[in-house]
Amino acid sequence: MAVVVRWIEPSDEAAWRRLWNGYLVFYAATVPEAVTAHTFARFLDPAAPIGCRVAVDGERVVGFATHVLHEGTWASAPLCYLEDLFVDEAVRGSGAGRALIDDLLALGRAAGWDRVYWHTYETNATARRLYDSYKPATGMIVYQVDLPKPDASAA
Ligand SMILES: CC(C)(COP(=O)(O)OP(=O)(O)OC[C@H]1O[C@@H](n2cnc3c(N)ncnc32)[C@H](O)[C@@H]1OP(=O)(O)O)[C@@H](O)C(=O)NCCC(=O)NCCS
């Protein structure tokens, strides 16, 4: 498979949503439609600090990587959080996941970001095989406290 990685485009919405739904199923998660729509809109907004790169095989979008750029206290250059990585189950093991990470690292080198970092579950052995080929995990443990969300029905 000859995968090309590029920025997401407006015409990719249906393909991205199909993959996004697969990603949510993988995590047994639900994201409100309003959030999904907002996320896609921000991908296309050059002023937003989030971005989406897609892996394309011919005409078919087969995977995506989303990232968030933010400031930090330990570096003056931007830090890049790779938030989501997903490849269509039908093409896994063909190099799309690695191509998406390599692409983000190349973007970061070119733009002068301080680092690219990401989280995964300790139990995600498939993803960790890929990630371990870049660097061993840092050993940092993630804590998370979810806060009350605004009432969507009031929006
Ligand atoms: C993790 C994921 C993105 C990897 O995508 P992919 O396109 O299959 O990855 P690649 O084909 O680039 O494989 C990368 C490496 O991982 C290894 N690998 C990937 N899938 C594997 C599998 N099922 N069994 C064994 N090794 C595997 C390969 O050895 C490959 O190494 P190589 O490049 O030296 O050959 C994909 O499995 C996925 O979408 N999983 C579900 C969602 C997920 O876990 N996302 C990450 C959340 S943090």
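Analyst: A helix here is a DSSP run of H or I with at least four residues, a strand is a DSSP run of E with at least two, and both are numbered from the N terminus. With that in hand, alanine 28 can be placed in the loop between helix 1, residues 13–26, and helix 2, residues 33–43. Please keep in mind that this is a predicted model.

User: Why is alanine 28 called exposed?

Analyst: The relative accessibility of alanine 28 is 75%, and the word exposed is used for values over 50%, so alanine 28 counts as exposed. Its backbone is also worth a look, since phi of alanine 28 is near 50°, a positive value in a residue other than glycine.

User: What is the secondary structure of the protein chain, and which pattern does it follow along the sequence?

Analyst: The protein chain comes to four helices and five strands, and reading along the sequence gives the pattern β-α-α-β-β-β-α-β-α.

User: What makes the protein chain as compact as a globular protein of its length?

Analyst: The radius of gyration is 16 Å, while the globule rule gives 15 Å for 155 residues, and because these two values are close, the protein chain is as compact as a globular protein of that length. Taken along the principal axes, the C-alpha atoms fill a box of roughly 45 × 40 × 35 Å.

User: How much of the protein chain is buried, and how much area does it expose?

Analyst: Of the 155 residues, 34% count as buried, and the protein chain exposes about 10,200 Å², of which carbon and sulfur atoms supply 57%. Among contacts between residues at least 6 apart in sequence, 58% join residues at least 24 apart.

User: How do you know that there are zero disulfides in the structure?

Analyst: A search of the whole structure finds zero disulfides, and two cysteines show how the reasoning goes. The sulfur of cysteine 52 has its closest cysteine sulfur in cysteine 80, at 12 Å, whereas a disulfide needs sulfur atoms within 2.5 Å, so the distance is too far for a bond. Starting from cysteine 80 leads to the matching result, with the closest cysteine sulfur in cysteine 52, at 12 Å.

User: Are these two cysteines buried or exposed?

Analyst: Cysteine 52 has a relative accessibility of 1% and cysteine 80 has 0%. Buried means under 20%, so cysteine 52 counts as buried, and cysteine 80 does as well.

User: Why is histidine 67 called buried, and what does it touch?

Analyst: Histidine 67 lies in strand 3, residues 60–70, and its relative accessible area is 4%, which is under the 20% cut-off, so histidine 67 is buried. Not counting residues up to four places away in sequence, histidine 67 touches several residues, including Cys52, Cys80, Trp7 and Trp113.

User: Why is leucine 105 called buried?

Analyst: Leucine 105, in helix 3, residues 96–111, has a relative accessible area of 19%; because buried means under 20%, leucine 105 is buried. Leaving aside neighbours within four places in sequence, leucine 105 is in contact with Val116 and Tyr134. The C-alpha atoms of leucine 105 and cysteine 80 are separated by 9.5 Å, although these residues are 25 apart along the chain.

User: What makes glycine 97 buried, and which residues does it touch?

Analyst: Glycine 97 has its place in helix 3, and its relative accessible area is 13%, a value under 20%, so glycine 97 is buried. Leu85, Val87 and Leu130 are the residues that glycine 97 touches, not counting those up to four places away in sequence.

User: Why is phenylalanine 86 called buried?

Analyst: Phenylalanine 86 is found in strand 4, residues 79–87, and with a relative accessible area of 8%, set against the limit of under 20%, phenylalanine 86 counts as buried. Among its contacts, leaving aside neighbours within four places in sequence, are Leu19, Phe26, Phe64 and Leu100.

User: How do you know whether alanine 2 is buried or exposed?

Analyst: Alanine 2 lies in the segment before strand 1, residues 3–7, and its relative accessibility is 61%, which is over 50%, so alanine 2 counts as exposed. Even so, alanine 2 is in contact with Val56 and Asp57, leaving aside its neighbours within four places in sequence.

Methods
Residues are numbered from 1 along each chain as its sequence is written. This is a predicted model: local features need pLDDT of at least 70, side-chain atom pairs count only at pLDDT 80 or more; totals for chains, interfaces and linings use all residues. Side-chain values use heavy atoms; hydrogens and water are left out. The radius of gyration is taken over C-alpha atoms; the globule rule is 2.2 Å times the number of residues to the power 0.38. Buried means under 20% relative accessible area, exposed over 50%, partly exposed in between (1.4 Å probe, protein chains only). Contact means heavy atoms within 4.5 Å. Accessible areas come from the Shrake-Rupley method with a 1.4 Å probe; for residues, only the protein chains shown count as cover.
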